[in-house]
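Here is a short briefing to keep beside the viewer. Have the sequence and the model open, and follow the topics in whatever order suits you.

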Amino acid sequence: MKPEEFRETYGPIALVTGASSGIGLAFAEELAARGFDLVLTARRTDRLEALAQRLLSSCGVRTRVIGADLSDPEAPARLLAETEGSDIGLVVSNAGFNLKGAFETKDASAMAKMLAVNCQAPMQLAHGFISRLKARGRGGIVFTASVEGLIGCPYSTAYSASKALVVSLGEGLWGELQGTGVDVLTLCPGATESEATAGMPGLANLQAAAEVARLTLDNLREGPTFVPNAHYREMFSQLRAMPRREALTAMAQSMKDLA
């Protein structure tokens with residue numbers, strides 16, 4: 001798709017959640033380079049304000065910053081209310097976080113917050129924006145899930161379960177929205193350069209966040225799911241082809257050895 005066609009289809013404004021770092025930040029930068037005005041949301045508004053100034057200087061785009069903690073169950077509704085009337089053609093539901101380690105050792109309240117951010121927020125935002133996008137007759141939704149949502153991952157159990165919901169949500173909506181002009185793509189990244197992976201020295205097959213964002217936008221019409229990292233695409237294809245008991249036993253042993 002040519003740049004002008006991309007902006008005509010999904011512009012003029014894109015909303016990106018979790019835009020203060022990592023893949024969300026990369027989405028904001030890539031969309032600004034493609035000429036999109038932006039609505040950016042995250043908890044750390046100081047970072048978003050600095051990003052907005054940088055994108056104005058480098059790309060000449062207008063950016064609106066909305067502070068939101070998506071672990072608050074009321075935050076998606078507030079975000080929908082504050083963007084009503086804005087001509088948003090692309091929704092990038094990217095905010096999320098993970099919890100690694102043995103399931104029983106994780107704090108129950110932290111898991112509840114993770115479900116709010118990883119599951120409730122994308123579901124509620126999609127519910128609110130779909131009617132707006134259908135009324136426009138064009139647009140798109142990107143959900144950031146994970147390759148760990150493609151199979152239950154031992155020692156990442158709650159996180160992979162939350163991302164499995166996102167994968168199913170995206171796949172179902174991709175089917176429902178056929179013929180409406182609204183494209184849906186669920187991004188399933190593997191290990192990506194970010195603040196989280198910076199604290200994991202020796203982690204192999206890292207993909208740059210900027211590459212993840214660029215490839216995702218380039219493949220927005222190639223839903224329902226997209227795995228941008230060739231290494232993880234092959235790995236999880238093999239795991240899903242194995243008998244599930246064998247795959248899970250091997251994964252559990254591998255992750256236990258790293259713990």
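In which helix is the place of Ala164? Ala164 sits in helix α6, which spans residues 157-176. Please keep in mind that this is a predicted model. The points below go from that residue to the sheet, the cores, two buried charged residues and some backbone details.

**Starting point: Ala164**
- Ala164 is partly exposed, as its relative accessible area is 27%.
- Between the C-alpha atoms of Ala164 and Gln238 there is a separation of 18 Å, while the two residues are 74 residues apart along the chain.

**The sheet**
- An open sheet is built from 7 strands with parallel pairing, and their order is β3-β2-β1-β4-β5-β6-β7.
- The edges are taken by β3 (63-67) and β7 (225-226); each has a single partner strand, so one side of each lacks a neighbour in the sheet.
- Strand β2 (residues 37-42) runs parallel to β3 and is joined to it by 5 bridges, with Leu38 having Thr63 as its bridge partner in β3.
- The strands β2 and β3, together with helix α3 (residues 45-59), make a right-handed β-α-β unit.
- Helix α8 (residues 209-218) lies across β4, β5, β6 (182-187) and β7, and runs at about 145° to β6.

**Strand β4 and its partners**
- Strand β4 (residues 88-93) has 6 of its 6 residues buried, so the rest of the structure largely encloses this strand.
- On one hand β4 pairs with strand β1 (residues 13-17), in parallel and through 4 bridges; here Ile13 has Ile88 of β4 as its bridge partner.
- On the other hand β4 pairs with strand β5 (residues 139-144), again in the parallel sense over 4 bridges.
- Two positions help to place the β4 and β5 pairing: Leu90 has Gly140 of β5 as its bridge partner, and Ser93 stands opposite Phe143 in β5.
- A right-handed β-α-β unit is made by β4, α5 and β5.

**Nonpolar cores**
- In soluble globular proteins, nonpolar side chains tend to be buried together.
- The largest nonpolar core here has 35 residues, and Phe143 and Phe236 are those with the most contacts inside it.
- Helix α5 (residues 108-136) gives this core its largest share, 5 residues.
- Setting aside neighbours within four places in sequence, Phe236 is in contact with Val147, Glu148, Leu150, Ile151 and Cys153.
- A second, separate core holds 31 residues, including Val16, Leu48, Leu187 and Leu217.

**Two buried charged residues**
- Arg136 is found in helix α5 and counts as buried, because its relative accessibility of 17% is under 20%.
- The side chain of Arg136 reaches the backbone oxygen of Arg138 at 2.9 Å.
- Beyond its neighbours within four places in sequence, Arg136 is in contact with Thr9, Gly11, Pro12, Asp87, Ile88 and Gly89.
- Glu30 has its place in helix α2 (residues 22-33) and is buried too, with a relative accessible area of 19%.
- A polar contact of 2.8 Å links the side chain of Glu30 to the side chain of Arg34.
- With neighbours within four places in sequence left aside, Glu30 is in contact with Ala213, Arg214 and Leu217, and Leu217 is also among the residues of the second core.

**Backbone details to check**
- Gly11 and Pro12 are joined by a cis peptide bond with omega of about 5°; Pro12 is in the loop between α1 (3-10) and β1.
- Another cis peptide bond joins Gly223 and Pro224, where omega is about 15°; Pro224 belongs to the loop between α8 and β7.
- Tyr155 is not a glycine, although its phi is positive at about 65°.
- Tyr155 lies in the loop between β5 and α6 and is partly exposed at 25% relative accessibility.
- Asn205, another residue other than glycine, has a positive phi near 60°.
- The loop between α7 (195-198) and α8 holds Asn205, which is partly exposed with a relative accessible area of 37%.

Note on methods
Residues are numbered from 1 along each chain as its sequence is written. This is a predicted model: local features need pLDDT of at least 70, side-chain atom pairs count only at pLDDT 80 or more; totals for chains, interfaces and linings use all residues. Side-chain values use heavy atoms; hydrogens and water are left out. A nonpolar core is a set of buried Ala, Val, Leu, Ile, Met, Phe, Trp, Tyr and Cys residues joined through side-chain atoms within 4.5 Å. Buried means under 20% relative accessible area, exposed over 50%, partly exposed in between (1.4 Å probe, protein chains only). Contact means heavy atoms within 4.5 Å. Two strands pair if DSSP finds at least two bridges between them. A crossover is right-handed if, with the strands pointing away from the viewer, the path from the first strand over the helix to the second runs clockwise. Axes are lines fitted to C-alpha atoms, for helices over the stretch in contact, and angles run from 0 to 180 degrees between N-to-C directions. A polar contact is a pair of N or O atoms within 3.5 Å; within protein, one must be able to donate a hydrogen and the other to accept it, and residues adjacent in sequence count only if both atoms are side-chain atoms.
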